[in-house]
Amino acid sequence: MSEAGHGAGHDLPIIGSGRGTPGDAAGHLTASPGLLIEGVESIATLSGGLRRGPAQADAAEIGGGHLAVAAWGDRLVAAGPLNEVLRRVAEAGRSLDDFARLDAAGGLVTPGLIDAHTHLVFAGTREFEWQMRSRGAGYLEILHAGGGILSTVAATRAASDSELLTGARRRLSEMLANGTTTAEAKSGYGLNVATEVRILELIGLLDRQGPVQLVPTYLGAHAVPAEFRNRPEGTAEYVDQIIGEQLPAVAEQGLASFCDVFCEKGVFDPTQTARIFDAARDLGLRLRVHADELLPSGGAELAAELGCVSADHLAAPSSAGIDALALAARTGRPVVATLLPATSWFLGKHHFAPARRFIDAGIPVALATDLNPGTSPTVSLPLVMSIACVEMGMTPAEALAAVTVNAAHSIGLGSELGSVEPGKQADLVIWDVPNLGQIPYWLGSNRVSVVVKRGRTIFERAL
Ligand code: IZC
Ligand code: ZN
């Protein structure tokens, strides 16, 4: 639907329970196993796999109107001109009677958005620290004075499960309303065995409850906790605890897909990071890293060397680090550069990751919110896309690839999520805009009309 016609969203029929898929924990069955979305103006399919180099700008768009998307169960069946989609449905031996119908009213369909970097589960807020920063205090200076991450750790340790769940659920529902259907979610505000395990268990519970799908990451190496900080060998002792106690507990219970480390000057150095990663890999975890957020710290180089699935932040990589990531991409071992421009912006840094250099060097770029109470209290991937376009010179199509197909690869789910292709999971957003350029263009507004997860409508906006 065009901007002039956006009121047409009133007419969208409500289907399903708004929750759950057949067989999931919620157990809400919907009437029809199929879903047919009609009246689509254009589809940004993002088909064709990981985007890098000039291909980062290829959204694999189908335009011209009279388009449709069909799903059966939780899988996509067909997307394209309505006639072709109906033919595919018939060829598959399905009757249209078994499809719920949804009118996109001339809107755009994209894959469900994927937020590849969030610190979803935390207690407390840090608006006070943010105001200190705008008066000149440094992020790491505040951390070393016992604030920053450590103030969130104190609040999180003290919070009950139900308090943590209430906060996380509120953020998840806002993420969903902004088009996010899958998110990576980190621990890292526990910094001891009991609370790190507790946070990851809560992430598992939230994932099972849905509808937003979560990929859990263990981030015990987010900071050195207060109880270790006044010892001469405190950092080394805490790394020993991570390797000796936290990682085995997390791995034994199968609580995390990834292990992450905040590799930054003054936090964990590359040698400590590599020790943690060696242990994590031995326990079957995949690797992702907070790399070069504030200063060149050897994080990008390490990510390439150790085969991290993703290197995140990269606002201050060294040239050698960029070269190492480019070489990894050229030699078939791509590390996704997951950039977090809302963080740079909220830190008031005027210093953003060199996205154009990454893209020109053939490094696949993803974008994520970095949702956290200190440096990026936002849930909105469309807002992150806007900042990426304005501050990092990305095009809207590059930014869309960065929050769909490349974000799927960043969390290791590239074969399952991130594009509108037959066989992939039916996670979709119907947008109240006629073309993808308008997603980041409508700065700070929300143009999501309908969100579909695993073939079921889970969100509809009342216009
Ligand atoms: O709570 O400050 N950078 N970790 C590394 C963060 C930002 C989150 C926080
Ligand atoms: Zn982070």
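Start with Arg126: in this predicted model, its side chain puts an N or O atom 2.8 Å from an oxygen atom of ligand 1. Two other side chains make polar contacts with ligand 1 as well, Tyr189 to an oxygen atom and Glu293 to a nitrogen atom. Here they are side by side:

| Side chain | Atom of ligand 1 | Distance |
|---|---|---|
| Arg126 | oxygen | 2.8 Å |
| Tyr189 | oxygen | 2.6 Å |
| Glu293 | nitrogen | 2.9 Å |

How much of ligand 1 does the protein cover? On its own, ligand 1 has 270 Å² of accessible area, and the protein covers 100% of that. The space that ligand 1 takes up is the largest cavity.

Now for the shell. Besides the three residues in the table, ligand 1 is surrounded by Tyr139, Ile149, His222, Phe262, His290, Asn372 and Thr375. By type, the shell is a mix: four nonpolar residues, four polar ones and two charged ones.

His290 has a second job to look at, since the zinc ion (ligand 2) is coordinated by its NE2 atom. The other donors are His117 (NE2), His119 (NE2) and Asp370 (OD), and the four sit at 2.0 to 2.6 Å from the zinc ion. Along the chain, the donors follow the spacing H-x1-H-x170-H-x79-D.

What about the geometry at the zinc ion? For four tetrahedral donors, the ideal angle at a metal is 109.5 degrees. The four donor atoms around the zinc ion (ligand 2) subtend angles of 79 to 165 degrees, so the arrangement is irregular.

Note on methods: Residues are numbered from 1 along each chain as its sequence is written. Chains are lettered from A and ligands numbered from 1 in the order in which they are written. This is a predicted model: local features need pLDDT of at least 70, side-chain atom pairs count only at pLDDT 80 or more; totals for chains, interfaces and linings use all residues. Side-chain values use heavy atoms; hydrogens and water are left out. A residue is near a molecule or strand if one of its heavy atoms lies within 4 Å of it. A polar contact is a pair of N or O atoms within 3.5 Å; within protein, one must be able to donate a hydrogen and the other to accept it, and residues adjacent in sequence count only if both atoms are side-chain atoms. Accessible areas come from the Shrake-Rupley method with a 1.4 Å probe; for residues, only the protein chains shown count as cover. On a 1 Å grid over the protein atoms alone, a cavity is a set of points where a 1.4 Å probe fits but cannot get out, and a pocket is an open set with protein on both sides within 12 Å along at least five of seven lines; lining residues have an atom within 4 Å of a point. A molecule sits in a cavity or pocket if more than half of its atoms lie within 2 Å of its grid points. Ala, Val, Leu, Ile, Met, Phe, Trp, Tyr, Cys and Pro count as nonpolar, Asp, Glu, Lys and Arg as charged, and the others, Gly among them, as polar. Donors are N, O and S atoms within 2.8 Å of the metal (3.2 Å for Na, K and Ca); water is not among the atoms, so sites may look incomplete. Four donors count as tetrahedral if all angles lie between 85 and 135 degrees; four count as square planar and six as octahedral if opposite donors are over 155 degrees apart and all others between 65 and 115; anything else is irregular.
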